[in-house]
Amino acid sequence: MRLQGKITSWKDDQGFGFVTQNGADKNKIAFVHIKAFSDRSRRPKLGDLITYEANLDEKRRFRADDVKFVKRAPAKFSATREDISNTSPLGTAFAYLFCFGLVLAVFLGRLPLAILGLYGTASAAAYVAYAMDKAASKRRGHRRIPEDTLHIWGLIGGWPGALLAQQKLRHKSSKASFQFTFWVTVVLNCGALAWLLSKSGSALLQTIAGLIQ
């Protein structure tokens, strides 16, 4: 027999929560995992109405299996709304200005061409990493790419590609904790680049170039 209930607790970063059966004692809840959902096109959220089969686990606790949303929200509209509210147009404009300034600095000889190559390679790798993680999130049992790995790609210069992936793939753009860390890596990376443009940084680049030659 299928039951109907509401998700009364949900930890999206861990992929599980609890559902309370409609019309039942409020203490009668069942554990529900992201892998139990048949519809993986959108993430569950607090307050979602679902139908499910209640089974007992090895410790005789209720577990929700074969979970389905009662009424699917328009996922495309919902995702777009979240991205508009969490991905600022100023961030996109800053990324374009940064890339233009980077190319100009290389053209004027303020930075070596290798720096431009580093940003381009890291951005491409970051975009691919986001795409792979997005695909894995929709497939049951597939290993996700750790958030720390995504942040490392951004920190070493791949943040423009990461920002593009967040917008185009609608991935990681609405998670506040991820966005906070992401922009911290952007600030750190830009700070390091600004130092390379200073006298001390330029002297270091010249020394490294001399050693390579």
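Helix H5, its surroundings and salt bridges

Val-184 is found in helix H5 of this predicted model.

Q: Why is Val-184 called partly exposed?
A: Partly exposed lies between the limits of under 20% for buried and over 50% for exposed. The relative accessible area of Val-184 is 36%, so Val-184 is partly exposed.

Q: What makes Asn-189 count as buried?
A: Asn-189 also has its place in helix H5. Its relative accessibility is 6%, and buried means under 20%, so Asn-189 counts as buried.

Q: Why is the pair of Asn-189 and Trp-159 called a polar contact?
A: A polar contact needs N or O atoms within 3.5 Å. The side chains of Asn-189 and Trp-159 are joined at 3.1 Å, so the distance meets that limit.

Q: How do you know that the span of helix H5 agrees with its number of residues?
A: Helix H5 runs over residues 176-196, which is 21 residues, and at 1.5 Å a residue these should span 30 Å. The end C-alpha atoms are 31 Å apart, so the two values agree.

Q: What makes the buried residues of H5 line one face of the helix?
A: The buried residues include Phe-178, Phe-182, Val-186, Cys-190 and Leu-193. Seen down the axis, the buried residues of H5 fall within an arc of 130 degrees, so they line one face. In general, an α-helix has 3.6 residues a turn, so residues three or four places apart point the same way.

Q: Which exposed residues does H5 carry on the face turned away from its buried side?
A: That face of H5 carries Ala-176, Phe-180, Val-187 and Leu-188.

Q: Which residues form the nonpolar patch on the surface?
A: The patch is formed by Ile-152, Leu-155, Ile-156, Phe-180, Val-184 and Leu-188, with about 560 Å² of accessible area together. Helices H4 and H5 each supply at least two of its residues.

Q: Why is the pair of Glu-147 and Lys-175 called a salt bridge?
A: The limit for N to O is 4 Å. The closest N and O atoms of Glu-147 and Lys-175 are 2.7 Å apart, so the pair is a salt bridge. Glu-147 lies in helix H4 and Lys-175 in the loop between H4 and H5, so the pair ties together parts that are 28 residues apart in sequence.

Q: What makes Asp-57 buried and Arg-61 partly exposed?
A: Asp-57 has 16% relative accessibility, under the 20% limit, so Asp-57 counts as buried. Arg-61 has 47%, between 20% and 50%, so Arg-61 counts as partly exposed. Their side chains meet in a salt bridge at 3.3 Å, N to O.

Note on methods: Residues numbered from 1 in each chain as written. Predicted model: local features only at pLDDT ≥ 70, side-chain atom pairs only at ≥ 80, totals over all residues. Heavy atoms only, no water. Helix = DSSP H or I, 4+ residues; strand = E, 2+ residues; numbered from the N terminus. Expected span 1.5 Å × (residues − 1). Buried < 20%, exposed > 50% of the residue type's maximum accessible area, 1.4 Å probe, protein only. Arc of directions from axis to C-beta. Patch = residues over 30% accessible without salt bridge, like charges linked within 9 Å, V, L, I, M, F, W, Y side chains within 5 Å. Areas by Shrake-Rupley, 256 points an atom, 1.4 Å probe, with all protein chains shown as cover. Polar contact = N/O pair within 3.5 Å; in protein donor to acceptor, adjacent residues only side chain to side chain.
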